[in-house]
Number of protein chains: 2
Amino acid sequence: MPEFRAGSTAQVSYLDELVEAGLLTRTGVHGVYARGQAFERIRLAFDALVTRAAAPEAPEPLYFPPLLPREQLETSGYLGSFPHLAGTVFAFEGDEDDAAAQLELASRHEDWSGFQQMSDMVLLPAACYPLYPAVAQRGPLPEAGLTLDTGDSYVFRREPSSDPARMQIFHMREIVRVADRDTVIEWRREWRSRAEALLRSLGLELELDVAHDPFFGRTGRLLAAQQRDQELKWELLAPVAGEKPTAIASSNYHQDHFGLTYELQTAGGEPAHTGCMAFGEERVTLALLSAHGLEVSSWPEQVLEKLELEH
Amino acid sequence: MPEFRAGSTAQVSYLDELVEAGLLTRTGVHGVYARGQAFERIRLAFDALVTRAAAPEAPEPLYFPPLLPREQLETSGYLGSFPHLAGTVFAFEGDEDDAAAQLELASRHEDWSGFQQMSDMVLLPAACYPLYPAVAQRGPLPEAGLTLDTGDSYVFRREPSSDPARMQIFHMREIVRVADRDTVIEWRREWRSRAEALLRSLGLELELDVAHDPFFGRTGRLLAAQQRDQELKWELLAPVAGEKPTAIASSNYHQDHFGLTYELQTAGGEPAHTGCMAFGEERVTLALLSAHGLEVSSWPEQVLEKLELEH
């Protein structure tokens, strides 16, 4: 069994409130919830706000499903850094006798994993991952590089928890810059203040933090320290439940990692640098519900206006 | 390897055209595509049209992610009927040495499946499946039963193909009725003409067919015959590519199967009957592009109006 991250008392009772109010519905698996209409309305209103905020850059939308070719996961380095978070897709390849034996075990809720074979697909771990090989297929970048938009993409993290902010499957919206080094660094700097202003305009108490990803194991601790030292990741945190704030948006700078991995080149023939601005849409929604209350109709007027939500 | 269903010449060249026009982008896995902005605009316009069509019934939206608790798949009977279409989620549970060994194999694109354990999640096979246990949790149904709306839910079918209409992951939008037998039968009858009128209003050439699901194996042929005889499934088919039309919408009547499976009861204490009206959103989009051309701006005025799309 994977490590279960029990939520704090405040987190667990916030989840109870959300379920009671019909904002989320439990499925029986921690971190996998159905969203009710009120929750989804806020999430989509925030998604549309990100669209408006990014509009001046005219990013190219490219919408990927929640599955990634397994080969891309193998190539990307993800299994070195986050083997514990990855999900792979298995499927049945047997005959009728196998199907009957599998069904027999499954019906008794016993182990039928022996009838499942690894497929050529895995669950998408981050919204921007499939963009890089897709763009590399097109040949060298245009002179100004590219700005892309993943839309509200589902991503998977194997992190069962009773903290409602730690879901195993959720929507990540990313705006992604693919260009030369200086352009990407400057773009990330601009988005840092843009994202902060955007989230503050929604009445969220924010903290900015230079951060690191949850790398696996001993080597992971070194990678984390390195990432932090080089300021490759920053996060915006807001209160959701309990004392510690939750990361609701983050930006990663991958340097030339994807450029080298996928032979993604600038117009000048150099390996492209890449950076992304990511919003965790369910987390933003939870932070908004926490800040302004579970009834959207009683939210502050300026927040509703900003989100183009009506009473 | 699963059976690969090669598309016909017409289907394969339609896929090429779609890719060339930027409507779809290949990922390297058959039936897993990224959608470009123009494609997504049509899909979402159709999704909104379904919302308007269903509005008089005021269905309750309940939006599930693309993962289902494994236990529900085991209980639902899906593995008896469609073992070949199911996808299961596996994940890593090892230590640092295991992670290093897994990475070593994966980096060489060799078999690393031995390091993956079956998790408590599977891929969602049909949009309506998680609704039944969720609604059963609430206790007996209200007097009039319930009408539910899955939203544009991602579903998975293990069916690799070079026919663009046969995707492995796509959006299924379902309106679902949960009530007593007569109510569900009458509701399905009404949706049959409503769905037909809706799709005809978009300028699609339609055929209605009493149909059966792609059940597995010898027993499956019996189930299919039974389903057809009892008219438990009908489909609306439209031309996409090649001579044979493609099912773009369908309705299933499950009788009291889910009512009994999840102890989902009517107000009177009888096992509830259930039926659903499903639209395959990518297939509808492909049928529209096939009927009216790849350039939305040159589509017939009345189709654009119906979809509330602007030139």
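What follows is a short dialogue on reading the fold of chain A and its helix 10.

Colleague: Before we start, what kind of model is this?

Modeller: A predicted one, where local features need pLDDT of at least 70, side-chain atom pairs count only at pLDDT 80 or more, and totals for chains, interfaces and linings use all residues. Residues are numbered from 1 along each chain as its sequence is written, chains are lettered from A and ligands numbered from 1 in the order written, and side-chain values use heavy atoms, without hydrogens or water.

Colleague: How many helices and strands does chain A have?

Modeller: Elements here are DSSP runs numbered from the N terminus: helices are H or I with at least four residues, strands E with at least two. Chain A has 11 helices and 12 strands.

Colleague: What share of chain A is buried?

Modeller: Buried means under 20% relative accessible area, with a 1.4 Å probe and protein chains only. In chain A that covers 58% of the 311 residues.

Colleague: And what span should helix 10 of chain A have?

Modeller: The rule is 1.5 Å times one less than the number of residues. Helix 10 runs over residues 281-292, so its 12 residues should span 16 Å, and the end C-alpha atoms are indeed 16 Å apart.

Colleague: Why call helix 10 largely enclosed?

Modeller: Because nine of its 12 residues are buried. Among them are A:Val284, A:Leu286, A:Leu288 and A:His292.

Colleague: Which residue follows helix 10?

Modeller: A:Gly293, with a positive phi near 100 degrees.

Note on methods: Buried means under 20% relative accessible area, exposed over 50%, partly exposed in between (1.4 Å probe, protein chains only).
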